[in-house]
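User: I am new to this structure and would like to go through it by question and answer. Please show it first.

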Amino acid sequence: MAGRNGRTVRDLRRGNRAEVLRRLYFDGPMSRFELGPVTGLSSGSISNVVAELVADGLVEEAGSVDSDGGRPRTLLRVAPASGHMIGVDVGETRVRVELFDLALTELARADRPLEHQRYDVEVVVGHIRDGISEVLAAADIAPERLLGVGIGVPGIVARTPEQGAVVHGQTIGWDAVPVESLLRSTSRLPDSVPYFIDNGARTLGQAEMWFGAGRGAHSAVVVLFGSGVGACLVTEEGGSGQAVEWGHLTVRVRGRRCRCGALGCLEAYAGAEALIDRWREQGGRPPEHTDEETALTSLLAAAYPPEGTEADPVALAVLEETAEYLGAGLSDLINLFQPERILIGGWAGLQLGSRFLSSVRRHAMAYALRYPAERVSLDMGRLGPDAVTVGAAILPLADFFARGGRRAEPADEGRWPTWRTALEERTPR
């Protein structure tokens, strides 16, 4: 039976379950007494919902607290072992696959290198498929127990009714690659296990907003600084954040050629790949036949040697120029969106760290308009190198919560909230 607003009793029950689960997950452990005011549900509704969730194995007791003159109140929490998710980061040097429980505690991981940074589609899909099998076997988890597999990829992700998620990754040579259908046709997972595929910068941003340095912010830009650069914009209106192809903002007309094929992109100056190329072009000596992470480590060692050793002036100059390009690029985001916070992540961002951040901050403030610049903070993200996989694992987790702690069924397709809507319904503040 549907009410005047079109919501059925089933919808209301699912919404109540979802709200209790979210509150316990982000603010718990909590007692039944505390859940009432924060959810807006009556004590009777709380009792019924909690009883259902306990019976389903999703909620468990977590000790007790004294009450004012009465019996101690039992604390409740979401049971960590009641669900499992996989997060995948299709990175620039490797594919990382991690298995998490419902509390996002890592249970197993598999790292598969991408030789010479080649994004051969069959190789990447094979690494994802084999990595999933490896982590499930390592933790002795049956595939049927998965809530889903979240995957962060480079490029723009579109969806089609026939093929699911399709990736347009111009910088890596992916032209409308049907990643989801390729995985479904070769994966050993049951058809009932859903895939959630999104841009890697967006999954990084989601992780930082839920569990990292972005939590509590009303608006933020989370930057993924790796071989290239990308960003995720989160606003109060958008809720879950949107990936923006910030690295392909034009910063110099007729400038250096970017790996996307255009001239003068920010990525052609500020990405780690371009940074190392510019060091070489200006007389630096990056190590030969090695990956970008090792080359960037060498650049930093040359620019910031041990005390008593002379720094390489070329390396220092290249880093300072890169900081200015990044700062100028960030000033555009500050002027356009006026975020409350800007957070830097990604493997290159983590390597360069706080020592590099002060220069980036100085240039960003110099190029940005004064009013929004005075109201934004610029800091490092907190979740480290696993932020993309954590964010990818959040995608099935958010969908599971939006469904009231029930797994998706084929009959529900198109009627229950999509995972994007699920993220927008409640990003923790």
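User: Where is Ser64 found, and which residues is Ser64 in contact with, leaving aside its neighbours within four places in sequence?
Analyst: The model is a predicted one. Ser64 is part of strand S2, residues 59-65. Its C-alpha atom is separated by 5.1 Å from that of Leu75, 11 residues apart along the chain. With neighbours within four places in sequence left aside, the contacts of Ser64 are Pro72, Arg73, Thr74 and Leu75.

User: Is H1 parallel, perpendicular or oblique to H13?
Analyst: Helix H1 covers residues 9-27 and helix H13 residues 387-402. They pack with their axes 8 Å apart, at an angle of about 130 degrees. Roughly perpendicular ends at 115 degrees and roughly antiparallel starts over 145. The angle therefore makes H1, relative to H13, oblique.

User: Which residues of H13 make the contact with H1, and how many residues of each class does the contact have?
Analyst: On the H1 side the contact is made by Arg14, Ala18, Leu21, Arg22 and Tyr25. On the H13 side stand Leu397, Phe401 and Ala402. By class, the contact of H1 with H13 has six nonpolar, no polar and two charged residues.

User: How is H6 oriented to H13?
Analyst: Helix H6 spans residues 200-211, and its axis comes within 7 Å of that of H13. The two cross at roughly 80 degrees. Angles of 65 to 115 degrees fall in one class, so H6 is, relative to H13, roughly perpendicular.

User: How many nonpolar residues does the contact of H6 with H13 have?
Analyst: From H6, the residues in contact include Arg202, Leu204, Trp210 and Phe211. From H13, they include Val388, Ile394, Leu395 and Leu397. By class, the contact has four polar residues and one charged, while the nonpolar ones number 12.

User: Is Asp198 buried or exposed, and which side chain does its own side chain make a polar contact with?
Analyst: Asp198 has its place in strand S11, residues 195-199. Its relative accessibility is 3%, so Asp198 counts as buried. At 2.3 Å, its side chain makes a polar contact with the side chain of Arg202.

User: How many disulfides does a search of the whole structure find, and how far from Cys258 is the nearest cysteine sulfur?
Analyst: Cys258 counts as buried at 5% relative accessibility, and Cys260 is buried with a relative accessible area of 17%. A disulfide needs sulfur atoms within 2.5 Å. Neither Cys258 nor Cys260 is in one, and the search of the whole structure finds zero disulfides. The nearest cysteine sulfur to Cys258 is that of Cys260, at 3.7 Å.

User: Which residue does a cis peptide bond join to Gly28?
Analyst: Most peptide bonds are trans. Here one bond is cis, with omega about 0 degrees. The residue that follows Gly28 across this bond lies in the loop between H1 and strand S1 (30-31). Its name is Pro29.

User: What is phi of Asp140 and of Arg254, and are these residues buried or exposed?
Analyst: Most residues other than glycine have a negative phi. Asp140 lies in the loop between helix H4 (121-139) and strand S7 (146-153), and is exposed with a relative accessible area of 66%. Arg254 lies in the loop between strand S14 (242-244) and helix H7 (267-270), and is exposed at 72%. Phi is positive for Asp140, near 55 degrees, and for Arg254 phi is near 55 degrees.

Definitions and conventions. Residues are numbered from 1 along each chain as its sequence is written. This is a predicted model: local features need pLDDT of at least 70, side-chain atom pairs count only at pLDDT 80 or more; totals for chains, interfaces and linings use all residues. Side-chain values use heavy atoms; hydrogens and water are left out. Axes are lines fitted to C-alpha atoms, for helices over the stretch in contact, and angles run from 0 to 180 degrees between N-to-C directions. Angles under 35 degrees count as roughly parallel, over 145 as roughly antiparallel, 65 to 115 as roughly perpendicular and the rest as oblique. Contact means heavy atoms within 4.5 Å. Ala, Val, Leu, Ile, Met, Phe, Trp, Tyr, Cys and Pro count as nonpolar, Asp, Glu, Lys and Arg as charged, and the others, Gly among them, as polar. Buried means under 20% relative accessible area, exposed over 50%, partly exposed in between (1.4 Å probe, protein chains only). A polar contact is a pair of N or O atoms within 3.5 Å; within protein, one must be able to donate a hydrogen and the other to accept it, and residues adjacent in sequence count only if both atoms are side-chain atoms.
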